[in-house]
Amino acid sequence: MAVLHAWRTARVTPLGELHTPPRMTAVLLRLTVQVILVASLWHGLYSHTGTTAGLDVDQAVTYAVLAVLASRLRELDQFSGRDTVIQHMHFGTIVYWYLRPLPPQRYHALRALGEQLYGFAWALGGYVVCLAAGVVEPPKSAAVAGVFALSLVLGQLVLYFVMLVLDQLCFWTVRNNAAMLILIFAQNLLSGVYAPLWFFPDWFVTMSQFLPFQATLSVPLSLYIGRIPLSDAAGQLAIQAVWVVLLFLFTRFLWRRAARRVMSQGG
Amino acid sequence: MNAVRIAWRVTRLNFRAQLEYRTEFLLMIAIGAIWQVSVIVFATVLLTRFTGMGGWDSSEVLLIPATRMLAHGLFVLVLGRVHLVGRQIQEGKIDTYLLRPMPVHRQVQLAFFPTNAIGDLTVAVGLMAGALSRSNLDWTPGRISYLIAAILGGMLLEAALFTGVASACLRFPAADYWGRWLEELLGTFGSYPLNVLPKAVGGFLTYGLPLAFVAYFPAAILTGHGHDTGVPYWLAALSPLLGVLAYLGARLLWRWSLRHYTGVNG
Amino acid sequence: MDAGIEVRGLSRTFHTTVRRPGFTGALRSLVNPERVAKHAVSDVSFDVSPGELLALLGPNGAGKSTTIKILTGILTPTSGEARVAGVVPYEERERNARNIGAVFGQRTQLWWDLPVRESFAILRDIYEVPKAEHAARLKEFDDLLDLSSFWDTRVRHLSLGQRVRSDLAAALLHDPPVVFLDEPTIGMDVVVKEQVREFLRYQVEERGRTVLLTTHDMTEVERLSERVVLINHGRLVLDGSLDEIRRTFGSTWQVRATLADAHTDVAGLPGIAVLRHDGPQVVFGPDGPDAPTVHQALKAVIERYEVTGIAIDEADLEDVMRAAYVHAEAI
């Protein structure tokens, strides 16, 4: 039975998307245009430069395109489904999360899992097309591919927890829309979606090493393009794993506080 | 005059409303600082890495993100709420607005006070100050006036684009999705000399999505790169005016769409 | 398992920040917030027997929703105790969740982007309802609520009436013995309202569910419930049958009689006063706390006087409640 409700809950997002074909067309168009723009931008930037920050043009383009694809993993229009914490707080429907025999934290995790798997299908499709078109380079070796896959999974876990913290914030401040946007921007910047972290000044790189954001994207992509050599991979994977554990404990703590808050305020 | 008084009153109330939510307000200020640092780092990082980008030296390139950020900050402060039209439609707020004796567009703008604009503008002013101090140009009154005109034009152009999306939302609420993409595109591609891009892509960002007119063309005119932007010099030079025209056009479109507004869920 | 509800001395206090007026006031509240306590529910006790429908009444802000939230396990009381089907809801939320179904007015628990039937399927799996049982119950609900005409529509495209009917079905799909309904028919048209009432009556009478209902619609109360609990300012004002309420607050009946002989000497009867006397027209009304019911009064008047015509005006429940709320306000 547990499998059944997991399956039902996880497929809410993909099903919602399938019921709205225009949204899927929009995603396809946006992804295509974004990949073309990003690839040509990095080619353009590199036109007078050979190697900078330890990256050559192919590595930089591969990184940037993979970043666009990876950001699809969890970038769906959750708002339209009216199933975000902020909306439930706004409409007062959060009470139903606490009225079901399924713990809210598990419901949230299952929804995100379905969403991330659905996004992964898109990203994988995009990757195959880009690889065939020669926009991105294949991984250097099977070992690199394996380490990348592992790192990507860990990175997605870290990303889930970071997004979860943002969602959980809504239990305390209902009106943090703008704050959310800015934090999402910070996540994008510090995870290396906008530009590889290698380009940034040393102090910035050092600072981001103490933050969880780079573990979401920068680490797996750097492993893929070989900017982080395989010899350093174990350490990086360990740091990612530590973040997963820390954030898991932190968000579990926040879930408890959130439940206590709902129980004392009535949602 | 009465309209101005009401607008001012509502804005004051909105500002007070922002103060009501203590944590939120303090959080916004704290987060403004993070935003500030990251944007400046982001803008300068690529310039230091890729010197001579598109034949521009880095002090000249800096003028592009500075102009864009300042225009964007003003847009958020003055007209930024047009962004949220999609959501307001879904929540049925537009229907309420239509009942009141004030233009819907103005009510949208007066929906709340954009605390975050304070942060945006602080960053932008800082960045502009930095860009001007590093600039080797001779800042004659003519240049300064053109820069100011360009910033205002950029603001209006951005407002025009989002008003266009908002108008589309009035008819197809799902168009909200495109608004978020537009924002991302403006943020990502607004800060470079677009001649580093292939012709087709640059053309798309000029004629398809007129991003180039916000900051790139005006900066090119100011720094003397006006003849190699890929468009006729006069067109690039007229950027601020195009902003005004685009905004007027967008407002007409808005008015037309509002007349054809059917609401959601019957 | 006893599917009743027990509430003993329930209290709930909220702390809120006072907003000072004016601009400087707002700034001062920002720096130095002043907090006050608000007693949403104080010392409320009542019982609902298994298979009974109880209407929880009271003006807006009386503490009805707070009570329901405590009983559904969403809110912890400050003091006092509650048991729903033998479970303390705020201590064992998940166990309680399996025993109850709830609809909170216009707030929907359905998934906005999916057809209604998908929402039902998700809930079926969350509540672990066997497939056959689910199908059978869905069929039953469809017969009563006419769901199949719109259950393949996405929730965002439903009308209010359709959505509330779907929500009602969603809340009862796991066969909960206890059901909480917080203003379920608010804003609905008469036809849908009637359909929902029929559905609720069926659930209580045929399925033996215990229902706690809040509403402002007195027709609904009259049609559905035998017993009501009235609260105001968080306090219990009255717990009794509709008749008792009528007797306490609603003895505002009038008997209008036309006497055969206009010159009859008219005097009051025990518990009955003469309100007006104009020629042959006499209007009688209740007098004192032991006033008879309108039917007894009617009988008494006919027995005592020779009348050629008689009519009664009985205050309807709306009026009774108005009197009750005003009375509650006075204590």
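**Notebook: sheets in chain C, then chain A**

I started with a single pair: Val274(C) sits opposite Phe284(C) in β12(C). This is a predicted model, where I trust local features only at pLDDT of at least 70 and side-chain atom pairs only at pLDDT 80 or more, while totals for chains, interfaces and linings use all residues. For names, residues count from 1 along each chain as its sequence is written, chains are lettered from A and ligands numbered from 1, in the order in which they are written.

**Confidence**

I looked up pLDDT (the predictor's confidence in each residue, from 0 to 100) for chain C: the average is 85, and 95% of the residues score at least 70. The model has an ipTM of 0.77 and a pTM of 0.77. Reminder to self: where pLDDT is low, predicted coordinates should not be read in detail.

**The open sheet of chain C**

I take helices (H or I, at least four residues) and strands (E, at least two) as DSSP runs numbered from the N terminus. Two strands count as paired if DSSP finds at least two bridges between them.

Back to the pair I began with: β11(C) and β12(C) run antiparallel and share six bridges. They make a hairpin with two residues in between, and Gly279(C) in that turn has a positive phi of about 65°.

Which strands make up the open sheet, and in what order? I read off four, ordered β11-β12-β10-β13 (chain C), with antiparallel pairing. At the edges I found β11 (272-278) and β13 (307-313) of chain C, each paired on one side only. Neighbouring strands of this sheet are turned by 20° against each other on average, direction ignored.

A helix packs here too: α10 (residues 294-304) of chain C touches β10, β11, β12 (281-286) and β13 of chain C. Touching means a contact, with C-beta atoms, placed from the backbone, within 7 Å. The direction of α10(C) makes about 165° with that of β13(C); axes are lines fitted to C-alpha atoms (for helices over the stretch in contact), and angles run from 0 to 180 degrees between N-to-C directions.

I also checked β10 (residues 254-259) of chain C, which is antiparallel to β13(C) with six bridges. Arg256(C) faces Ala311(C) in β13(C).

**Domains of chain C**

The assignment, automatic or from a database, splits chain C into domain 1 (5-246) and domain 2 (251-314). I get 44 Å between the centres of the two, taken over C-alpha atoms.

**Strand β3 of chain C**

Is β3 (residues 53-57) of chain C buried or exposed? Five of its five residues are buried, so the rest of the structure largely encloses this strand. Buried means 20 or more other C-beta atoms within 10 Å of the residue's own, exposed 12 or fewer, partly exposed in between, with C-beta atoms placed from the backbone. Leu53(C), Ala55(C) and Leu57(C) point one way from β3(C), and Leu54(C) and Leu56(C) point the other.

β3(C) runs parallel to β7 (residues 210-214) of chain C, with four bridges; Leu54(C) has Leu212(C) as its bridge partner there. Four more parallel bridges tie β3(C) to β8 (residues 227-232) of chain C, where Leu57(C) stands opposite Leu230(C).

**Chain A, quickly**

I noted 13 helices and two strands in chain A. Its C-alpha trace spans about 60 × 40 × 35 Å along the principal axes. Of its 267 residues, 49% are buried.

Key
Two residues are in contact if their C-beta atoms, placed from the backbone, lie within 7 Å.
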